[in-house]
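I opened my notebook to look up how one helix is packed and where the nonpolar cores lie. Here is what I went through, entry by entry.

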Amino acid sequence: MPRKGERRPRSYEQGDPDGLGAWLGRYLEWLRVRGYSERTVGNRQNTLEQLLEWLDARDVTRPQAVTRPVLERYQRHLFYLRKADGKPLSFRAQHSRLVPVRAYFRWLAKQGITLANPAADLELPRVERRLPKCVLTALEAEKVLDQPDLTEALGLRDRAILEVLYSTGIRRSELVRLGIYDLDAERGTLTVRQGKGKKDRVVPIGERAVHWVERYLRQIRDGLVMPPDEGVLFLTRFGEGFKPEPMTHLVRGYVDAADLG
C-alpha cells in the first residue's frame, strides 16, 4: 500500500489490467496460495511498491517496458539513496530491496508476460553471509526464537530449525543434511553426518529443541513431503531439502526481524 500522503502509482489503475501494479497484485496472490506468510507477502509488497513508484515517475508502467538497464538505474538509485538521517542504505538493505525485484520479474517471465527476465543477470551487492557466532545473549536468542509465526505451518517448521541451531551449534551445511532418523529423542542426541572433516559425529540436543522437532514431524512434515521421500528432516515449501544459502537467508531473516540493534 502507498504510504500516507503518497499517490498510488498509475500502474495500479483499475483501467490497466496489464500494468505492473495489476501484475503485482496477481503475484502477491500467487505467493499466498503457495503458503507464504502474510509477513513475507507484506514485506515483498512494500519493497516492490517502492520500485513501482520509482518506475512510475519515469513513465514505466508495464512489465514489457522494464529492461535490464532500467533495473540497473534503479540499483544505482538505491546506492545513492539517503535515509532521513542522511546516511546511505547499507549493502544489506540494498540487497534486501533487490531480491524481491528479481523474484517478481522471474515470476513474470515464467508467466509469459515478458519475453525474458530483465533482472536475471542483475548483480546484487555483496553482503556478509555468516551467522553471528557467540554474540547473542540469552535474551536476544529468545527474541530470535520467538519470531516465527506459529499459527502457520512454515512458522512452526522454522521454529524447529532455529531451536536446533541454538541448541546444538551445528553449521548450516550440517543442518540441511539432517535426516529424520538422526534425532535420538530418548538419548537427547543428534547425529551429524559428514560434518567438519567429513566425519560423522553425535552432539547433544536440548529437550526444548527435541520438543519442537517432534512437533514439526507430527504436524508439518507429512504435509510438505513430496514422493519419493528421501528422509531429509527439514523440507522447503516445495517438499525438497534445503540448500545452504536459502537456509542462511531464512535464519538471517529472523535475526534481522528481531531488531537486536
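**Notebook: a helix and two cores**

I began with the neighbours of α1, keeping in mind that this is a predicted model. I found that α2 (38-56) and α4 (91-110) are among what covers the buried residues of α1.

Next I checked the helix itself. α1 runs over residues 20-33, which makes 14 residues. From first C-alpha to last I get 20 Å, close to the 20 Å expected at 1.5 Å a residue.

Which residues of α1 are buried? My list reads L20, G21, W23, L24, Y27, L28 and L31. Looking down the axis of α1, I see these buried residues fall within an arc of 155°, so they line one face of the helix. That fits the textbook picture: an α-helix has 3.6 residues a turn, so residues three or four places apart point the same way.

I also looked just past the end of α1, where G35 has a positive phi of about 90°.

Then I turned to the cores. The largest nonpolar core holds 36 residues. Inside it, the most contacts belong to I161, V164, I170, L175, Y216, F234 and V251. Two or more residues each come from α5 (138-145), α6 (153-168), β2 (189-192), α8 (207-219) and α10 (244-257). Which element gives the largest share? I noted α6, with 7 residues.

I picked L175 for a closer look. Leaving out residues up to four places away in sequence, L175 touches I161, V164, L165, I170, F234 and M247.

My last entry is a second, separate core of 31 residues, including L20, Y36, L51 and L122. L20 takes me back to α1, where it is one of the buried residues.

How values were computed. Residues are numbered from 1 along each chain as its sequence is written. This is a predicted model: local features need pLDDT of at least 70, side-chain atom pairs count only at pLDDT 80 or more; totals for chains, interfaces and linings use all residues. Side-chain values use heavy atoms; hydrogens and water are left out. Helices (H or I, at least four residues) and strands (E, at least two) are DSSP runs, numbered from the N terminus. The expected span of a helix is 1.5 Å times one less than its number of residues. Buried means under 20% relative accessible area, exposed over 50%, partly exposed in between (1.4 Å probe, protein chains only). The arc is that of the directions from the helix axis to the C-beta atoms. Contact means heavy atoms within 4.5 Å. A nonpolar core is a set of buried Ala, Val, Leu, Ile, Met, Phe, Trp, Tyr and Cys residues joined through side-chain atoms within 4.5 Å.
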